[in-house]
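Let's take a walk through a protein model together. Have the sequence and the 3D view open as you read.

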Amino acid sequence: MAVRTRSTALALYKRLLREGQKFTGYNYRMYALRRIKDSFRENAHETDASKIQNLVAKAEESIDIMRRQAAISQLYRDPVLVIEATNKSQTV
């Protein structure tokens with residue numbers, strides 16, 4: 001059961017990070033990614049099966065919320081910030 005829970009958690013983590021990348025606003029995107037990473041670190045050593053199940057259900061709900069918010073953020077784009085232009089030129 002532990003292997004299945006671990007693989008489920010890792011798949012959920014990847015899905016959350018992918019959804020977080022879809023925000024067009026830099027500040028929203030960075031906040032979402034930071035919150036996802038912090039939440040998973042905070043609950044990494046959780047062993048109670050019922051609590052893990054509740055956390056997975058909450059994360060699934062969060063994915064749905066993030067999808068809706070990302071779609072809205074793509075409709076109403078924020079102007080590109082200076083920090084975003086700097087990051088893109090460094091990665092190219």
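## A salt bridge along a helix

Aspartate 38 comes out at 34% relative accessibility, so it counts as partly exposed. Here buried means under 20% relative accessible area, exposed means over 50%, and partly exposed is in between (1.4 Å probe, protein chains only). Keep in mind that this is a predicted model, where local features need pLDDT of at least 70 and side-chain atom pairs count only at pLDDT 80 or more, while totals for chains, interfaces and linings use all residues. Residues are numbered from 1 along each chain as its sequence is written, and side-chain values use heavy atoms, with hydrogens and water left out.

Which residue does aspartate 38 form a salt bridge with? The partner is arginine 41, with the closest N and O atoms 3.4 Å apart. A salt bridge here is a side-chain nitrogen of Lys or Arg within 4 Å of a carboxyl oxygen of Asp or Glu. Both residues sit in helix α2, three residues apart, which is about one turn of the helix. An α-helix has 3.6 residues a turn, so residues three or four places apart point the same way. Arginine 41 counts as exposed, at 58% relative accessibility.

The whole structure holds seven salt bridges. Three of them are set out here:

| Pair | Closest N to O distance |
|---|---|
| Aspartate 38 and arginine 41 | 3.4 Å |
| Glutamate 19 and lysine 22 | 3.1 Å |
| Lysine 51 and glutamate 46 | 3.9 Å |

Glutamate 19 is buried, at 6% relative accessible area, whereas lysine 22 is partly exposed at 41%. These two also belong to a network of salt bridges that links Glu19, Lys22, Asp64 and Arg67. In the lysine 51 pair, lysine 51 is partly exposed at 39%, and glutamate 46 is partly exposed at 26%.

## Two sides of α2

Back to α2. Helices are DSSP runs (H or I, at least four residues), numbered from the N terminus. This one has 17 residues and reaches 24 Å from its first C-alpha to its last, close to the 24 Å expected at 1.5 Å a residue. That expected span is 1.5 Å times one less than the number of residues. Tyr26, Arg29, Ala32, Leu33 and Ile36 are buried in α2. Seen down the axis, the buried residues of α2 fall within an arc of 140 degrees, so they line one face of the helix. (The arc is taken from the directions from the helix axis to the C-beta atoms.) On the other side of α2, Asn27, Tyr28, Arg41 and Glu42 are exposed.

## The core

Now look inside. The largest nonpolar core has eight residues: Leu12, Leu16, Phe23, Ala32, Ile36, Ala59, Ile63 and Met66. A nonpolar core is a set of buried Ala, Val, Leu, Ile, Met, Phe, Trp, Tyr and Cys residues joined through side-chain atoms within 4.5 Å. Two or more residues each come from α1 (2–21), α2 (26–42) and α3 (49–75), and α3 gives the most, with three. In soluble globular proteins, nonpolar side chains tend to be buried together.

Phenylalanine 23 has contacts (heavy atoms within 4.5 Å) that include Ala32 and Met66, leaving aside neighbours within four places in sequence.

## A buried glutamate

Is glutamate 84 buried or exposed? Glutamate 84 is buried, at 9% relative accessible area, and is found in helix α4 (residues 82–91). Glutamate 84 and tyrosine 26 are 58 residues apart in sequence, yet 7.1 Å apart in space, C-alpha to C-alpha. Not counting residues up to four places away, glutamate 84 touches Thr24, Tyr26, Arg29 and Pro79.
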